[in-house]
Amino acid sequence: MALTEIDLHKELKRYFGFSQFKGLQEEVITSIVKGNDTFVVMPTGGGKSLCYQLPALISDGTAIVVSPLIALMKNQVDAIRSISSEHGVAHVLNSSLNKTEVAQVKSDIRNGICKLLYVAPESLTKEDYVDFLKDQTISFLAVDEAHCISEWGHDFRPEYRNLRHILKRIGDDIPVIGLTATATPKVQEDILKNLGITGAKTFKASFNRPNLYYEVRPKTKNIEADITRFVKQNDGKSGIIYCLSRKKVEELAQTLQVNGIKAVPYHAGLDAKTRSKHQDMFLMEDIDVVVATIAFGMGIDKPDVRFVIHHDIPKSIESYYQETGRAGRDGGEGHCLAFYSYKDIEKLEKFMSGKPVAEQEIGHALLQEVVAYAETSVSRRKFILHYFGEEFDSETGEGASMDDNVRNPKKQHEAKEDLEL
Ligand code: ADP
Ligand code: MG
């Protein structure tokens, strides 16, 4: 179908029931429908899936979508199936399918019914699949969570490195779409290079979260009392407290409970039933606070989380941004409070010491940015956005006053500036 004949708004309404595109979606979709290699950088929740789902639904042939997690793929396929009456419109191709199921998927692709084929990168390496796909009409290849291709990202998957090679075998001129919520220039460069789309049309949304208040406090012996006090001052509000270790999660959850706060622990050491119970209690507001390791949060979409506390500083600015980003999704108040001690940095360095040297170097560089963030005396928002390659005016930018350094400039900093004059 020629682009001029398509009314994208109508298709949006028809398939998804939305009357408006979010952010840059329309521009992105137009670029994809035109057959351009396209690169999309949008924060989590920005609506990246629709950027490839809608073009896939209105294009001839099948779009191949690479995604790192089977659970994520299953969710997406269920969602797509619920919006389209066509049986077989979306499939997951993975090792759990039996022969009959694989035959059904192949037949739906051959017949042009299957518009979206979700695959894990390791499944794409199977000769049989590659041989089959190279004879089919493929509309484009979308690589979701494309930062998995980069060692500088927070979730490196070596299998992502083979994608370009495999794609070449499926078809030389298939457009490639990369999508990620990782905004660091280094990771972006890696993605474009590794996918072989350095000429891609790039769409990058702002990562500024103007309603979030950023604060860093020194971490002392009294940290548990400090956190308890903060939570009490925010009585009845929903919050997440991140700790590095499972042990600390349990201890802190207990401390809070003893102090009359409705808190539960969450970490990968708890059995699945307990984890999902605690998650539900948080979502249903039976409890106010989840004390958790980073195992908590992926795919949790509670709009009114009012604070995110870091008992321990995370290992990168990106993790920090992702974790604090779970506050204030509804645009309302979101207080992001991190406790910082250089000792914790040393602890994180020590954790890495068993790893390959290249990994250690990257880990060290990422940690140094965290140190710089924690110790900075200028706008924290400006720091974060600069880290993501984005300009921010710390006087007039949106949310400029929403951080501790801007509200209460440090004496020491003033003194230093005086010296420099
Ligand atoms: P991302 O992958 O960027 O984190 P998702 O694709 O998961 O984001 O989308 C986040 C949410 O936004 C989903 O609930 C989705 O239904 C919703 N959404 C996407 N596009 C629109 C739109 N145009 N209008 C309203 N809601 C949208
Ligand atoms: Mg996504």
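This is a friendly dialogue on how to read some features of a predicted model.

Visitor: I have the structure open. Where should I begin with the sheets?

Guide: Start with how strands associate. Strands of a sheet pair through backbone hydrogen bonds, in either a parallel or an antiparallel way. In this predicted model, one open sheet has seven strands in the order β3-β4-β2-β5-β6-β1-β7, with parallel pairing. Its edge strands are β3 (90-93) and β7 (201-204), each of which pairs on one side only. From one strand to the next, the twist averages 20 degrees.

Visitor: Which helix packs on that sheet, touching β1, β5 and β6?

Guide: That is helix α9 (residues 185-195), and its direction makes about 160 degrees with that of β6.

Visitor: How many bridges link β5 and β6, and how many join β1 to β6?

Guide: Strand β5 (residues 138-143) pairs with strand β6 (residues 176-180) over three bridges, in the parallel sense. Four bridges join β1 to β6, and these two also run parallel. To find your way on screen, look for residues that stand opposite each other. L141 faces V176 in β6, and A142 is opposite I177. On the β1 side, V41 stands opposite T180.

Visitor: How do I read the two faces of a strand?

Guide: In a regular strand, side chains alternate between the two faces of the sheet. Try β6: V176, G178 and T180 point one way, while I177 and L179 point the other way. All of these are buried, and β6 is mostly covered, with five of its five residues buried.

Visitor: Which residues have the most contacts inside the largest nonpolar core?

Guide: They are A142, V143, I177 and V291, in a core of 109 residues. Take A142 as an example. Leaving out residues up to four places away in sequence, A142 touches Y52, A63, V65, V66, I177 and L179.

Visitor: V291 is on that list too. What is the order of strands in the open sheet of six?

Guide: The order is β8-β13-β12-β9-β11-β10, with parallel pairing. Here β8 (212-218) and β10 (263-266) are the edge strands, and each pairs on one side only. The twist averages 15 degrees from one strand to the next. V291 itself sits in β11, opposite P265.

Visitor: Are the faces of β11 covered or open?

Guide: Both are covered: V289 and V291 lie on one side, V290 and A292 on the other, and all are buried. β11 pairs with β9 over four parallel bridges, where I240 stands opposite V290. β10 and β11 also pair in the parallel sense over four bridges. Across β10 and β11 (289-292) lies helix α12 (residues 272-283), running at about 140 degrees to β10.

Visitor: And where does β12 fit in?

Guide: Strand β12 (residues 305-310) is joined by four bridges to strand β13 (residues 334-340), and the two run parallel. A handy landmark is I309, which stands opposite L337 in β13.

Visitor: Why is helix α16 described as largely enclosed by the rest of the structure?

Guide: Count its buried residues. Seven of the eight residues of α16 (residues 380-387) are buried, so the helix is largely enclosed. The seven are R380, R381, K382, F383, I384, L385 and Y387. What covers them includes β8, α13 (317-324), α15 (357-375) and α17 (404-407). Just after the helix, G389 takes a positive phi of about 75 degrees.

Visitor: Now the opposite case. Why does D235 count as exposed?

Guide: The cut-off for exposed is 12 or fewer C-beta neighbours within 10 Å. D235 has 10, so D235 counts as exposed. You will find D235 in the loop between α10 (223-233) and β9 (238-242). D235 and K262 are 27 residues apart in sequence, and their C-alpha atoms are 9.6 Å apart in space.

Visitor: Last one: how many residues surround ligand 1, and which are the closest?

Guide: There are 13, and the closest are F18, K22, G47, K48 and S49. Helix α3 (residues 48-58) supplies the largest share of this shell, three residues. By character, the shell divides into four nonpolar, seven polar and two charged residues.

Note on methods
Residues numbered from 1 in each chain as written. Chains lettered and ligands numbered in written order. Predicted model: local features only at pLDDT ≥ 70, side-chain atom pairs only at ≥ 80, totals over all residues. Pairing = 2+ DSSP bridges. Axes fitted to C-alpha atoms, helices over the stretch in contact; angles between N-to-C directions. Contact = placed C-beta atoms within 7 Å. Core = buried A, V, L, I, M, F, W, Y, C linked by C-beta atoms within 7 Å. Buried ≥ 20, exposed ≤ 12 C-beta atoms within 10 Å, placed from the backbone. Near = placed C-beta within 6 Å. Nonpolar A, V, L, I, M, F, W, Y, C, P; charged D, E, K, R; others polar.
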